[in-house]
Amino acid sequence: MTWISIFTGKSGFAASSTAEDVTKGVDGTGLTAIVTGATSGIGLETARVLALRGVHVVMPVRNMESGKKVKESIVEKIPNAKIDVMELDISSQESVRQFASQYCSKGYPLNILILNAGIMSPPFSLSKDNIELQFATNHVGNFLLTNLLLDTMKKTVKESGKEGRIAILSSEIHRMTYKEGIRFDKINDEKSYSAFSAYGQSKLANVLHAKELTRRFQEEGVKITANAVHPGVIATNLARNGGFNAFFYGVFNRILKNIPQGTATTCYVALNPQVEGVSGEYFADSNLGKASKHAQDAELAKKLWDFSMNLTKSN
C-alpha cells in the first residue's frame with residue numbers, strides 16, 4: 001500500500017497521474033527529442049511514452065549494448081517508434097563534445113531536450129575532468145550539452161515555428177544542499193564532502209540552470225523554455241549506492257511513486273500544451289511547485305552560469 005496523492009492540482013493532474021495520462025491526446029509527430037539516461041527507470045519510460053506519442057527519440061547512452069536492447073524493447077511494443085541510440089558519458093566533457101558534434105553532423109532537428117541522466121550520493125570521487133563526480137554528472141555535463149545544442153534548438157524553432165522545450169531533472173533534495181547553496185570554492189573539497197549535501201547541491205544547480213537559461217532566452221527573444229522537474233520519490237537504480245540511500249528509500253517506502261507516475265512530470269513539461277510559454281519554473285506532480293530560496297536567487301544563478309562556463313572552457 002502506498003500513500004500517493006490522488007488529489008489533482010490546477011493542471012488537472014496529481015501525484016498519481018502517469019506519463020501516459022499527462023500526454024493523452026498529444027500528437028508529437030514531427031518532433032525530435034533527446035532523452036539522457038534512458039536505459040532504465042524514468043528515463044526509459046520517458047523515451048517510451050514520447051515514442052508512443054510519435055516523437056523521434058534520440059537516446060544518448062553510456063552502454064550502447066544496453067541502449068540497443070532498450071530500443072528493441074520499445075519498438076517491439078510500439079512498432080512505428082522512431083528511436084536512435086548514440087553514445088554519451090554525461091560525466092565526461094570530451095564525450096559530451098563528441099556526442100554533440102555527431103548529433104549536429106546528422107542534421108537532426110531538436111525540439112525537446114530532456115536532461116534526465118544522473119547519479120545520487122556516491123562516495124567522493126572526481127570525474128575525468130577533475131570535478132566532483134555528482135556536480136560533474138548532474139550539472140556540468142548537462143550545462144555543456146545544452147550549450148552545444150542550443151544553436152540546433154534555435155534553428156529548429158525558427159524553421160518549425162514550434163516552441164523548444166528543455167526539461168532538467170532536479171529533486172526536492174535541492175533544498176538540502178550545503179548551507180551556502182553552491183560551494184564554488186569547495187566543489188572538490190574531499191575533507192568536507194557530504195554525499196547527500198553534494199547531491200542536493202547538484203540538484204539546486206539544475207533549478208538555477210533552468211532559471212538562468214530562461215533569463216537568457218527571454219533577453220534574446222528565443223522561443224525556448226527551460227524548466228526544472230521533481231519526479232517524486234521513486235525506487236529506481238539511482239539509489240543503488242546503498243548506505244543513506246537505502247535508509248532514505250526505506251523510510252519513504254510508503255510514498256514511493258511507481259515509474260510511470262515518476263515519469264509524468266517530465267512528460268508533462270516536455271509535451272503538454274498547458275506548459276506552453278512557461279519557463280524558469282519548478283514542477284512537481286505535474287503542477288507548478290515552489291523551489292527553495294536559493295533556487296530563486298537570480299544572482300546565484302548568474303554566478304553558477306559563469307562558474308560553469310569556466311569549468312567547461314576548451315583548452
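## Helices on the sheet

In this predicted model, helix α8 (residues 259-271) lies across four strands, β4, β5, β6 and β7. Its direction runs at about 160° to that of β5. Helix α6 (residues 195-220) packs on the sheet too, where it touches β5, β6 (224-230) and β7 (282-284). Set against β6, the direction of α6 makes an angle of about 165°.

## The sheet itself

So what do these helices sit on? It's an open sheet of 8 strands, and reading across it you get β3-β2-β1-β4-β5-β6-β7-β8, with mixed pairing. The edges are β3 and β8 (287-288), each of which pairs on one side only.

Let's start with the β3 end. Strand β2 (residues 56-61) runs parallel to β3 (residues 83-87), and 5 bridges join the two. One of the residue pairings here matches Met59 with Val85 in β3. To get from β2 to β3, the chain passes through helix α3 (residues 64-77), making a right-handed β-α-β crossover.

Further along, β4 (residues 112-115) and β5 (residues 164-169) are another parallel pair, held by 4 bridges. Here Ile112 has Arg165 of β5 as its bridge partner.

## A closer look at Arg165

Arg165 sits in strand β5. Is Arg165 buried or exposed? With a relative accessible area of 8%, Arg165 falls under the 20% cut-off, so this residue counts as buried.

What does its side chain meet there? A polar contact of 2.9 Å links it to the side chain of Glu163. A polar atom of the Arg165 side chain also lies 3.1 Å from the backbone oxygen of Val269.

## Aromatic pairs

Searching the whole structure turns up 8 aromatic pairs. Take Phe124 and Tyr193: their ring centres are 5.1 Å apart and their planes meet at 75°, so this is an edge-to-face pair. Phe124 belongs to the loop between β4 and α5 (133-160), while Tyr193 belongs to the loop between β5 and α6, so the pair ties together parts 69 residues apart in sequence.

How accessible are the two partners? Phe124 is partly exposed, at 22% relative accessibility, whereas Tyr193 is buried, with a relative accessible area of 16%.

Ring pairs also build a cluster, and its members are Phe13, Tyr268 and Phe283.

Note on methods: Residues are numbered from 1 along each chain as its sequence is written. This is a predicted model: local features need pLDDT of at least 70, side-chain atom pairs count only at pLDDT 80 or more; totals for chains, interfaces and linings use all residues. Side-chain values use heavy atoms; hydrogens and water are left out. Two strands pair if DSSP finds at least two bridges between them. A crossover is right-handed if, with the strands pointing away from the viewer, the path from the first strand over the helix to the second runs clockwise. Contact means heavy atoms within 4.5 Å. Axes are lines fitted to C-alpha atoms, for helices over the stretch in contact, and angles run from 0 to 180 degrees between N-to-C directions. Buried means under 20% relative accessible area, exposed over 50%, partly exposed in between (1.4 Å probe, protein chains only). A polar contact is a pair of N or O atoms within 3.5 Å; within protein, one must be able to donate a hydrogen and the other to accept it, and residues adjacent in sequence count only if both atoms are side-chain atoms. Rings of Phe, Tyr and Trp (its six-membered ring) pair if their centres lie within 6.5 Å; planes under 30 degrees apart count as stacked, over 60 as edge-to-face and the rest as tilted.
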